[in-house]
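This report describes the fold of a single protein chain, moving from its strands to its helices and cores. The sequence and the structure are shown first.

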Amino acid sequence: VHGGTSLALLGMALAPSLVTVRVSGLDETTTDAELRESLALFGELVSCCIDRGDTGRSLKTGVATFVDAASARKASSSMVVVGQRAVDVTLLRAAERTLTTKLRPLASTTIYVGGLPRELFEDDLAEYFSQFGAVSDILVPRAIQDKSSERARKELTKGFALVQFAEPEAAEHALSMRRHIVWDRFVTVQARPDSAIQRERAAAAAAAAAAAAM
């Protein structure tokens, strides 16, 4: 056998065999970080995230991929507790793993921030959320007002914003914190699909166009 072929075969033999497990029975409030922390007790993880619907709400299930089969088998045969709740961990068959990989969307990098004060600017949010990772985009919807009004200069918000990070891990980090304080006010954060910002911008543009036509 030629040296190059031998090295290739050796690399295949040494490469880790990734194995994916499905986790069910999660609490609706469980975060990706909490699930990862519990499963990491059984071995090194390549990825780990909770299944979420279009609204960002947890489906109470999740998928995790271990770097080796032994760790995945250990997790599936042990009692796994996530957030003080016992959950079911099952190995996915090869066909299921392939289907999951094809159908599962990439982890979202966008979060919804609710309960914001009416007078707030994008820079304020960027300064706060940059502690979790690089922020790539921020949208703060504004209430449409009479431009002749002195109050319009303040560009009052609708009380919520969408923040997009450069990496999904940053969004996961922000979501893992149960409490956030912006401008001395507690705000809520929820996961959103990355298309949310584009949809909101399109809706705002349509509303502005309709208002201008009146």
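How many bridges join strand β1 to strand β3, and do the two strands run parallel or antiparallel? Strand β1, residues 19-24, is joined to strand β3, residues 58-66, by six bridges, and the two run antiparallel. The model is predicted, and the statements below are to be read accordingly.

## Overall composition

The chain contains seven helices and ten strands. It has 214 residues, of which 36% count as buried. Among contacts with a separation of 6 or more, 69% are between residues 24 or more positions apart. The accessible surface of the chain is about 12900 Å², and carbon and sulfur atoms contribute 56% of that area.

## Strand pairing around β1 and β3

Strand β3 also pairs with β2, residues 45-52: six bridges join them, and they run antiparallel. Strand β1 has a further partner in β5, to which it is joined by four bridges, again in an antiparallel arrangement. Individual residue pairs show how these strands are set against one another. The table lists four of them.

| Residue | Opposite residue | Strand of the opposite residue |
|---|---|---|
| Thr20 | Thr65 | β3 |
| Val21 | Ala64 | β3 |
| Ser24 | Asp88 | β5 |
| Leu45 | Phe66 | β3 |

## Helix α2 and Asp32

Helix α2 spans residues 32-39, and its buried residues are Asp32, Leu35, Ser38 and Leu39. Viewed down the axis of α2, these buried residues lie within an arc of 130°, so they line one face of the helix. The cover over the buried residues of α2 includes the strands β1, β2, β3, β4 (80-82) and β5 (85-91), together with helix α6 (168-176).

Why does Asp32 count as buried? Its relative accessibility is 13%, and the cut-off for burial is under 20%. The side chain of Asp32 has a polar atom 2.8 Å from the backbone nitrogen of Ile50. Leaving out residues up to four places away in sequence, Asp32 touches Cys48, Cys49, Ile50, Arg52 and Glu172.

## Helix α5

In helix α5, the residues Leu125, Tyr128 and Phe129 are buried. Seen along the axis of α5, its buried residues fall within an arc of 85°, so they line one face of the helix. The face turned away from this buried side carries the exposed residues Asp123 and Glu127. What covers the buried residues of α5 includes β6, β7 (135-139), β8, β9 (180-182) and β10.

## Nonpolar cores

Which residues touch the most other members of the largest nonpolar core? They are Ile111, Val113, Leu116, Leu125, Phe129 and Phe165, in a core of 21 residues. Two or more residues of this core come from each of β6 (110-114), α5 (122-129), β8 (160-165), α6 and β10. Helix α6 gives the largest share, four residues.

The surroundings of Phe165 can be described in detail. Not counting neighbours within four places in sequence, Phe165 is in contact with residues including Thr109, Ile111, Phe129 and Phe132. Its contacts also include the run Gly133, Ala134, Val135 and Ser136, as well as Ala170, Ala171 and Ala174.

Another core, of 18 residues, lies apart from the largest one, and its members include Val21, Cys48, Ala72 and Val82. Val21 of this core is the residue that stands opposite Ala64 in β3, and Cys48 is among the residues touched by Asp32.

## Phe186 in strand β10

Phe186 is located in strand β10, residues 185-192. Is Phe186 buried or exposed? Its relative accessibility is 51%, and Phe186 therefore counts as exposed, the cut-off for that class being over 50%. Apart from residues up to four places away in sequence, Phe186 touches Gly115, Arg179, His180 and Ile181. Of these, Gly115 is 71 residues from Phe186 along the chain, while the C-alpha atoms of the two are separated by 7.2 Å.

Notes: Residues numbered from 1 in each chain as written. Predicted model: local features only at pLDDT ≥ 70, side-chain atom pairs only at ≥ 80, totals over all residues. Heavy atoms only, no water. Buried < 20%, exposed > 50% of the residue type's maximum accessible area, 1.4 Å probe, protein only. Contact = heavy atoms within 4.5 Å. Areas by Shrake-Rupley, 256 points an atom, 1.4 Å probe, with all protein chains shown as cover. Pairing = 2+ DSSP bridges. Arc of directions from axis to C-beta. Polar contact = N/O pair within 3.5 Å; in protein donor to acceptor, adjacent residues only side chain to side chain. Core = buried A, V, L, I, M, F, W, Y, C linked by side-chain atoms within 4.5 Å.
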